Amino acid sequence: MPRFRAILDTMPAYKPGKTVVSAEGRSFKLSSNESPYEPLPSVVEAIAKAATQINRYPDPGSVKLTEALAARFGVPYDHVALGGGSVAVAQQVLEAVGEPGAEVMYAWRSFEAYPTLASLAGVVSVEVPLVDETHDLDAMADAVTPETRLIFVCNPNNPTGTVNRSAELRGFLDRVPENVLVVLDEAYREYVRDVDVPDGLTFYRERPNVAVLRTFSKAYGLAGLRVGYLIGHAPVAAAVRKTLLPFAVNHLAQTAALASLDAEDELLERVESVVKERTRVRETLIAQGWTVPPTEANFVWLRLGDRTMEFADLCAESGVAVRPFAGEGARISIGDVEANDTFLAAAEAFRR
């Protein structure tokens, strides 16, 4: 029998959002925080043209996309590192810092992949409980030790949608030693409307130990193609590029991301529609009697405790897939109006 790493017997497996179908044939996937919109015609056209070249390997350095991102955000070319989705870039970061005894810190509950990726990197996970569904940055700063190599701050937080604001983030960063890398995971940045939630790039520009992680999967609607990126100072970005699997960002993904940047204004109009629906869904849930944390992402969070799976099952009967975390709560993505209305009807029925 081949021998494998012992950690594989105990590490949690990542659970992707699922699809369900009601008895009437309805199916609304609100479990994966995807964009409810089909790709823009201009993006589809670019992908179709690029498909004629898939007999060739993609550009391993993603040079054109790197140049476009550097220009878009006003950063040096060598401050950008790409990967196959932001989760892959997070794995690259962990591989760059991970070695026996190294500690990696994150809030909990936060992005579900952090524990899995940390285990695979062979590091020690330090999980700091949320307070009021939000990162407890004071407790996280208190938990830093000489072994701390990396801290993830997911802002807005997945799955709660909550945020940490400018003053508290700045105070936190002031307490973190300069030799500890802080990655601000901003997968949902485009949905933020609270003016006191900082753009992580502001802190990156001020501090060599801060990097920002973003993705084309959510607001840009490219979840199926897998392309994400990190912006950090040259030593950070260089280390992350070294851990990139060769050709990990495929040709279609690079092409679609470039086309999406060209169509950014049109895409952000769609984001605004999602934000309006987010407000409507949250206000309706509150009117139904639910407690719903303020959210700056493209989803809402319901703390359900031991009734979480019961709630998910009732939603599934209506053809709505939500993302349950057993014993804790459920995350519900914002979809189109029909999907949201179907979910709201199920939520109201559950309350009754």
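These legends describe three close-up views of a predicted model. Local features need pLDDT of at least 70 and side-chain atom pairs count only at pLDDT 80 or more, while totals for chains, interfaces and linings use all residues. Residues are numbered from 1 along each chain as its sequence is written, and side-chain values use heavy atoms, without hydrogens and water.

**View 1. The largest pocket.** Its space is about 540 Å³. (A pocket is an open set of points on a 1 Å grid over the protein atoms alone, where a 1.4 Å probe fits, with protein on both sides within 12 Å along at least five of seven lines; lining residues have an atom within 4 Å of a point.) Of 31 lining residues, Tyr14, Ser32, Phe111, Lys218 and Arg226 are closest to the centre. Helix 3 (86-97), helix 4 (113-121), strand 7 (210-215) and strand 11 (323-325) each give two or more residues to the lining. (Helices, H or I of at least four residues, and strands, E of at least two, are DSSP runs numbered from the N terminus.) Helix 3 gives the largest share, three residues.

**View 2. The two faces of helix 1 (residues 41-50).** Val43, Ala46 and Ala50 are its buried residues. (Buried means under 20% relative accessible area and exposed over 50%, with a 1.4 Å probe and protein chains only.) They fall within an arc of 60° down the helix axis, so they line one face. (The arc is taken from the axis to the C-beta atoms.) Exposed Pro41, Glu45 and Lys49 sit on the face turned away. Helix 9 (251-262) is included in what covers the buried residues.

**View 3. Cys154 and Cys315.** Cys154 is buried, at 3% relative accessible area. Cys315 is also buried, at 0%.

Key:
Points joined across faces, edges and corners; volume = space filled by probe spheres on them. Contact = heavy atoms within 4.5 Å.
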